[in-house]
Amino acid sequence: MFYREAGDFKTSYRADSQTFPIRFDRYRYYVVLAIAFLVVPFIINDYWANAILLPFLIYAIAAIGLNILVGYCGQLSLGTGGFMAMGAYACYKFMTAFPDLSMFINVILAGVVTAIVGMLFGLPSLRIKGFYLAVATLAAQFFLVWLFNRVPWFYNYSASGQINAPQRTMFGVEITGPLAPAWATYLFCLVFLTLSALIARNLTRGSVGRKWMAIRDMDIAAEIIGVNPLRAKLSAFAVSSFFVGISGALFFALYLGAVEVGEAFNIQKSFLILFMVIIGGLGSVFGSFAGAAFMVLLPVALKVVGVDLLGWPTDTVAHFQLVIVGALIIIFLIAEPHGLAQLWRLAKEKLRLWPFPY
Amino acid sequence: MLDASEGFTTEDGRRIGGVVMEMKNITLRFGGVVAIQNISFDIREGEIRAIIGPNGAGKSSMLNVISGFYVPQEGEVWFEGRQRPKVKPYEVARQGIARTFQNIALFEGMSVLDNVMTGRLTHMKTGILSQSFWLGRAEAEETANREVAERIIDFLEIQHIRKTPVSRLPYGLKKRVELARALAAEPRLLLLDEPMAGMNVEEKEDMSRFILDVNDEFGTTIALIEHDMGVVMDLSDRVVVMDYGRKIGDGTPDEVRNNQDVIDAYLGVAHD
């Protein structure tokens, strides 16, 4: 009824391999983009920006990055928190070393640095697989956090050991620091998320993505048909770390403003983003969005229900929140192991025929 | 016997060219087990060459040597007039050798079309950066290779399932998709490891027709392993027979059929 491909004919391969082959999807995508860019900035306030929108945008970038590695290339990684820290510290060093550099460039450069570091930690993936690789990437997590704690050069020898984002402007509007307006930080992150999603989608529908998926599904067959496993895996690590680094830089510079590495980018961050990817759906860019939204919104929703509606004490709700989130994750994974993206796909299948299923 | 450089004409009038691949005194060992012992044979341009033999004769090992997956301890592999150095399996694919597997080795998480497109990977050169933004070159390359892939899909009559995930397909179709993926690479030598294993008569007939068509239409040189004797004798131009890692026969199907060693290997020898 609402959703159908009948009558939506393609006359070229180009039209068939576009991101949204179905016209309805394409228009919905334009509408969502228009709302995100043209409507939300005018109605946004500090609460919405800091509690929901900024974390969603930033985590979605990280989830896209991790999804490329885990969902598309099949290389399990637990080092996401460490790579986010790498992005944050690289961004900080660029911001302080080159005060005149545009913030946009800073964030991109932070991504590039993280991509290189990610490739280094991806080297063992040629030899080890699965859980063993996860342990190797766990080393990245602990090593990077340790490094940023112990080497004062990374935090510019500040007494507190923290890094603080200096004020930077973009087109005359502050986007970092305490005075930055919510709409400006929101738009800045939104631009990065849109670009990340586009790039991820373009890569995964082309030959690079097919190499990754071939490695994921059967690495021996992939090698026989001419995929160089080292290059494919390292490129996945590089692209993945690039996005994760960007999200780390944004998380530090625009969202938190000040970061203590052991707190902001610890192992829990790695797991949080891995949960987003698994719950959202492995091997789906849309799933990264859905997973990030789920993990960001769930605590907020529980708090609203518990504190505001039921009038429970805040600490009780905070404790219950952990229990409920954990239980929901388990239930969810049993009910739908392929994640929210699969649920969405099924819903679309149903909607295609609704209300006349025969 | 045949002259090394000259070709010959088959009974049905097809022209078989010069030697494409030549195996010279190949010996392959796994620890103490000798899988292949001092075997030499050649594969000629445009022919269908079968490797047969009882279980454990070393046929699959031989195919793995040709496809570069195993490196023999002794002997030389010559491909298109040059001795092949020790290369990685993915470099063999770039030389123009494609293969299918005995147990299907498709990418289960991808659609049929994507699987066939992976066969084109050796022909696709654009880098990550231009693909990131799906600009000019990357898109032109994608479309051009899609056309080739679609031709193969048409040829093997799997248009109706091109968007279906491979994991949902029945066995016989998966075998056909795997053949499509190998063909998409436009190989100069196509290796088929038991293309008809586990199929019923009808599927075998289909597959035989496809193999003959591929050979006919694209002129692809094919080397195949098969257990079904009827199929092998009908399809192939020349047959190598292996037993216990040795070559016990080599020639046209008729020659091989009347070879006493081959008969002994398949039917057993009377002990009196």
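**A sheet, a hairpin and an interface**

Helix α6 (residues 171-184) of chain B lies across β8 and β9 of the same chain, running at about 160° to β9(B). The model is predicted.

The two strands under α6(B) belong to an open sheet of six strands in chain B. The order is β8-β9-β10-β5-β11-β12, and the pairing is mixed. At the edges stand β8 (97-99) and β12 (246-251) of chain B, each pairing on one side only. On average, neighbouring strands of this sheet are turned by 15° against each other, direction ignored. Helix α1 (residues 59-66) of chain B also packs on the sheet. Its contacts reach β5, β8, β9 (189-193), β10 (221-225) and β11 of chain B. The direction of α1(B) makes about 155° with that of β9(B).

Now look inside the sheet. Strands pair through backbone hydrogen bonds, in either the parallel or the antiparallel sense. Strand β5 (residues 48-52) of chain B pairs with β11 (residues 238-243) of chain B in the parallel sense, over four bridges. One position to find there is Ala50(B), whose bridge partner in β11(B) is Val239(B).

Antiparallel pairing appears elsewhere in chain B. Strand β3 (residues 19-30) runs antiparallel to β4 (residues 33-44) of chain B, with eight bridges between them. Met23(B) stands opposite Phe41(B) of β4(B). Two residues lie between the strands of this hairpin, and Gly31(B) takes a positive phi near 60° there. Strand β3(B) also pairs with β6 (residues 74-79) of chain B. Those two strands run antiparallel and are joined by five bridges. Here Met21(B) has Phe79(B) of β6(B) as its bridge partner.

Next comes the contact with chain A. Chain B gives 33 residues to it, and chain A gives 31. Together the chains bury about 3,000 Å², 64% of it on carbon and sulfur atoms. Which elements of chain B give two or more residues to the side that touches chain A? They are α2 (89-94), α3 (112-118), α4 (128-132) and α5 (136-155) of chain B. The largest share, six residues, comes from α5(B). By residue type, this side of chain B divides into 16 nonpolar, six polar and 11 charged.

Specific pairs also cross the interface. There are two salt bridges between chain B and chain A. In a salt bridge, the side chains of Asp114(B) and Arg210(A) meet at 3.1 Å, N to O. Nine residue pairs are in polar contact across the interface of chain B and chain A, both residues at pLDDT 80 or more.

Definitions and conventions
Residues are numbered from 1 along each chain as its sequence is written. Chains are lettered from A and ligands numbered from 1 in the order in which they are written. This is a predicted model: local features need pLDDT of at least 70, side-chain atom pairs count only at pLDDT 80 or more; totals for chains, interfaces and linings use all residues. Side-chain values use heavy atoms; hydrogens and water are left out. Two strands pair if DSSP finds at least two bridges between them. Axes are lines fitted to C-alpha atoms, for helices over the stretch in contact, and angles run from 0 to 180 degrees between N-to-C directions. Contact means heavy atoms within 4.5 Å. Buried area is the accessible area (1.4 Å probe) that two parts lose on being put together, summed over both. A salt bridge is a side-chain nitrogen of Lys or Arg within 4 Å of a carboxyl oxygen of Asp or Glu. A polar contact is a pair of N or O atoms within 3.5 Å; within protein, one must be able to donate a hydrogen and the other to accept it, and residues adjacent in sequence count only if both atoms are side-chain atoms. Ala, Val, Leu, Ile, Met, Phe, Trp, Tyr, Cys and Pro count as nonpolar, Asp, Glu, Lys and Arg as charged, and the others, Gly among them, as polar.
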